[in-house]
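Student: Could you walk me through this structure, one question at a time?

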Amino acid sequence: MSWNASVLSSVSSDTEPTVVITFDSAKYIFNVGENTTRAFLQSRRNWKKTRGVFLTSVGTQRASGLPGLLMTFADSGLTSLNIAGPAGLLHFMAAMRKYTFRENLSVNPIEISTSRHQDEPSDDTPIYKDDNISVFALPVSAEIQSPEVASGSVTLPHSETHVVNRRSGKRKRSPSPAALPLQEVISHPDFDPTTLIGDMAQEWLRHIVRTMFPGSAAKPDVSSTKVEHVSQPSGFNRPLPSLPACNRHATLAYAVVGPRVRGKFDVKRAEGLGLKAGPLRARVARGETVTVVGKDGVERSVGPSDVVGASEDPGVVLILDTPSSAHIPSLVKGFESGAFSKYWTNGSEKKDHALRVVFHLCGDGVFEHEGYKAFMKGFKDDVHQHIVASRDHVPDPITFTSAAFNQLRLNHLDNDIFPVPKYSLEAKKALDTTYRACRSGSEVL
């Protein structure tokens, strides 16, 4: 099975890093910053067969291109989409309800908790899985810098009474009476979404997203030319519940595990054992064991292990988002134990994968930090490539060349009104030859 990971857009004056993993049957997009749709158009690449969008954070750098991309997907005929992201994803999507909605698109939001304690190992359960890939997520939190907050002497502001869970860092509200079903709460004439808390608030946000993207095409009324639209629930246009208490500075690291490729069928070996082309060979290729008579007249059993070579280990792609040096300790902790440790030198020696490439999305001061350098050196030697996206270490070229060329022609008419876009073909700081700069349009594997 052929698949590849490529860079749609890099870090530049116009774009933020976007990685696309492509199979013959599907595409998976990681991060959709501003101008992602425009980057697709500029590169002449299509977004057909997109199954999932994965966000490392829900800030403007990683997710501001989501509204336009969703409407573009829907208008191009896409009918279903999975969107995964850290805590706050539902709130972020519901906040788009007044200007982002398409009835022919069904969206399944997957919100991933970022409240993992630094001493708690990462979960070995995929947050998304289909016939092509399994995606695992690792929360990466910013180390608390304030000694007052770290010691607990500062009270966390909120109008409700909370109980602090020491192990996970979560704030739990005091027990409340059994909650009413959401539909019953919505139907109340005095329904106010801002009063919802906890699971009820999350259910309301998910209900809003389902209303925005119900996945049912609008049907014209037989007796009129009007179109029946999905009705909006009571309170749809009212303010949202407060953003849940979560680590808003946390990001997610993703491990994308590809399929295990079955070994090749050895035709010469099969013929030597008396297994000729036909139904029996087809059964063996499907994993069955059959009985055949060889050229020597001896009857023998032939199974897949006799004629099929060893399968290839699944390829793995890592996408690491480290916006500041305060996130480095949490990132390192996540690779020292748990599901992500096997990709690192200090982890398990058992190898059941092939780590192909690591994408490093580095904020200011991260790539040069001694702690991050030590972390990068900790990866096994068989890593195919390290791709680095850091503003100081990659060039800042013209991303949208078609628009820039028009601007250049207009500049000859009036260079004050139509200035030439700023760009740089050289990075501010040199990048070690061990690593590769993240460049738009480059295919990695």
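The questions below go from the whole chain to its cores, its surface and its salt bridges.

Student: What share of the chain counts as buried?
Tutor: Keep in mind that this is a predicted model. The secondary structure comes to 13 helices and 19 strands. Of the 445 residues of the protein chain, the buried share is 43%.

Student: Among contacts between residues at least 6 apart in sequence, what share joins residues at least 24 apart?
Tutor: This question leaves out contacts between residues less than 6 apart in sequence. Among the contacts that remain, the share joining residues at least 24 apart is 71%.

Student: Which element gives the most residues to the largest nonpolar core?
Tutor: In soluble globular proteins, nonpolar side chains tend to be buried together. Here the largest nonpolar core has 41 residues. Elements giving two or more residues to this core include helix H1 (36-43), helix H3 (66-75) and helix H7 (198-212). The one that gives the most, with seven residues, is H7.

Student: Which elements do the buried residues of H7 pack against?
Tutor: Start with the buried residues of H7, among them Met200, Trp204, Leu205, Ile208 and Met212. An α-helix has 3.6 residues a turn, so residues three or four places apart point the same way. The buried residues of H7 pack against H4, strand S6 (106-112) and H6.

Student: How far does H7 reach from its first C-alpha to its last?
Tutor: H7 has 15 residues. At 1.5 Å a residue, 21 Å is expected. The reach in the model is close to that, at 22 Å.

Student: Which residues does methionine 93 touch?
Tutor: Met93 is among the residues with the most contacts inside the largest core. Residues up to four places away in sequence are not counted here. That leaves Leu66, Leu70, Ile83, Val107, Pro109, Val209 and Met212.

Student: How many residues are in the second core?
Tutor: This core is separate from the largest one. Ala5, Phe23, Ala137 and Ile319 are included in it. Its residue count is 29.

Student: Is tyrosine 423 buried, partly exposed or exposed?
Tutor: Tyr423 helps make a nonpolar surface patch of about 510 Å², with Phe405, Leu408, Val420 and Leu425. Its place is in the loop between helix H13 (401-411) and strand S19 (436-437). Buried means under 20% relative accessible area, and exposed means over 50%. Because its relative accessibility is 49%, tyrosine 423 counts as partly exposed.

Student: How many residues apart are glutamate 16 and arginine 391?
Tutor: Their side chains meet in a salt bridge, 2.7 Å from N to O. Glutamate 16 is buried, at 13% relative accessible area, whereas arginine 391 is partly exposed, at 38%. The pair links distant parts of the chain, and the separation is 375 residues.

Student: Why does the salt bridge of arginine 51 and aspartate 130 tie together separate parts of the sequence?
Tutor: The closest N and O atoms of the pair are 3.0 Å apart. Arginine 51 lies in strand S4, and aspartate 130 lies in the loop between strand S7 (128-129) and strand S8 (134-140). The bridge therefore ties together parts whose separation in sequence is 79 residues.

Student: Which residues do salt bridges with shared partners join into one network?
Tutor: Aspartate 321 and arginine 62 meet in a salt bridge at 2.9 Å, N to O. Aspartate 321 is in strand S16, and arginine 62 is in helix H2. Both residues are buried. The network is made of Glu16, Arg62, Asp321 and Arg391.

Key
Residues numbered from 1 in each chain as written. Predicted model: local features only at pLDDT ≥ 70, side-chain atom pairs only at ≥ 80, totals over all residues. Heavy atoms only, no water. Core = buried A, V, L, I, M, F, W, Y, C linked by side-chain atoms within 4.5 Å. Buried < 20%, exposed > 50% of the residue type's maximum accessible area, 1.4 Å probe, protein only. Helix = DSSP H or I, 4+ residues; strand = E, 2+ residues; numbered from the N terminus. Contact = heavy atoms within 4.5 Å. Patch = residues over 30% accessible without salt bridge, like charges linked within 9 Å, V, L, I, M, F, W, Y side chains within 5 Å. Areas by Shrake-Rupley, 256 points an atom, 1.4 Å probe, with all protein chains shown as cover. Salt bridge = Lys/Arg side-chain N within 4 Å of Asp/Glu carboxyl O. Expected span 1.5 Å × (residues − 1).
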